[in-house]
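Visitor: I'm new to this one. Could you show it to me and talk me through it?

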Amino acid sequence: MTQRKIIIDTDPGQDDAVALLLALASPDEIEVLGITAVAGNVSLAQNAINALKVVELSGRNDVPVMAGCPGPLRRRLETAEHVHGLTGLDGPDLPDPQKRLDPRHGVDFIVDTLMAEPSGTITLVTLGPLTNLAMALIKAPMIAARIKRIVMMGGAYFEVGNITPAAEFNIYVDPEAADVVLRAGIPVVMASLDITHKVLTTNARLDALRAIGNRAGAAVADMLGFSERFDLAKYGWRGAPLHDPCTIAYLLRPELFDGRLINVSIEVESELTRGMSVADFWQITDRPKNVFFLSKVDDSSFFALLTERLARLP
Ligand code: BDR
Ligand code: CA
């Protein structure tokens, strides 16, 4: 398989961390050009530290980590310590990072990298609120035509919302940013709650990750053991949804997923439905088809892939 170049924009987050590890464990297929942190699950500063910790955990210290925007385009930042813990990455006891942040601003990194690399070769993977990518598009609109595609964890339609009855967290936190991104004419693959709610961390799957016997497997089992508590109590399911790694799994093994090319538009006016991702799943309108909306996944193969890849890490 030819290696795909990606930039990962993230607010780690236990599930973000697993997505980062899955990508960093797959250098034959995925070249991670850089990781940009954004405010979301916790503050920008803490998310940036968490990204550094995860890169060190992976042993891939060659990958630069940049800090991006400290808050949404127009809204007050709302965070999710109630899910992810005070550090955003509660669960494992990871050492303070020795690695330092790259001094470039995350938004500049996105713009400059897209301008420097051949057009149409870079995929943007977004795992948090879309503030950094929207800022990059506002600052340098010409990058839109240079992005190969965006693979995004965000949104929901049939599963509706997880932070409000109407909205998924990443879109809710910065709906104006999501609106900018989805209107930019860039092909988007959306891993919404409609897919991530089918990828559940059952006890047997967490046991298999711990049984790998390496540092990464133990850390991931500890992370997900922590973050699933909130979701298990909320949903009463046999496992918690594993959101962000769906993006990287899609890049590695697209045949594990199926979906539909549709329009998705974001509600930015209403307070009641702020950040709702209105998906025209039944093709009722003639709005432009801007999103490949994932709706089916082979979750057993997904966990087999994750377990196999994490076993490659220290
Ligand atoms: C998304 O919100 C965050 O809390 C998770 O990391 C994921 O990106 C799920 O709604
Ligand atoms: Ca996230």
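Guide: Here is a short tour of the ligand sites. This is a predicted model, where local features need pLDDT of at least 70, side-chain atom pairs count only at pLDDT 80 or more, and totals for chains, interfaces and linings use all residues. Residues are numbered from 1 along each chain as its sequence is written, chains are lettered from A and ligands numbered from 1 in the order in which they are written, and side-chain values use heavy atoms, with hydrogens and water left out.

Visitor: Okay, what coordinates the calcium ion (ligand 2)?

Guide: The donors come from Asp 11, Asp 16 (listed twice), Leu 127 and Asp 244, at 2.3 to 2.5 Å. Donors here are N, O and S atoms within 2.8 Å of the metal, or 3.2 Å for Na, K and Ca; water is not among the atoms, so sites may look incomplete.

Visitor: How many residues apart are Asp 11 and Leu 127?

Guide: They are 116 residues apart, so the pair links distant parts of the chain.

Visitor: Is Asp 11 buried or exposed?

Guide: Asp 11 is buried, because its relative accessible area is 1%. Buried means under 20%, exposed over 50%, and partly exposed in between, with a 1.4 Å probe and protein chains only. Leu 127 counts as buried too, at 1%.

Visitor: Switching to ligand 1, which oxygen contacts does Asp 244 make?

Guide: A side-chain N or O atom of Asp 244 is 2.7 Å from an oxygen atom of ligand 1. A polar side-chain atom of Asp 15 lies 2.6 Å from a ligand 1 oxygen atom.

Note on methods. Polar contact = N/O pair within 3.5 Å; in protein donor to acceptor, adjacent residues only side chain to side chain. Helix = DSSP H or I, 4+ residues; strand = E, 2+ residues; numbered from the N terminus.
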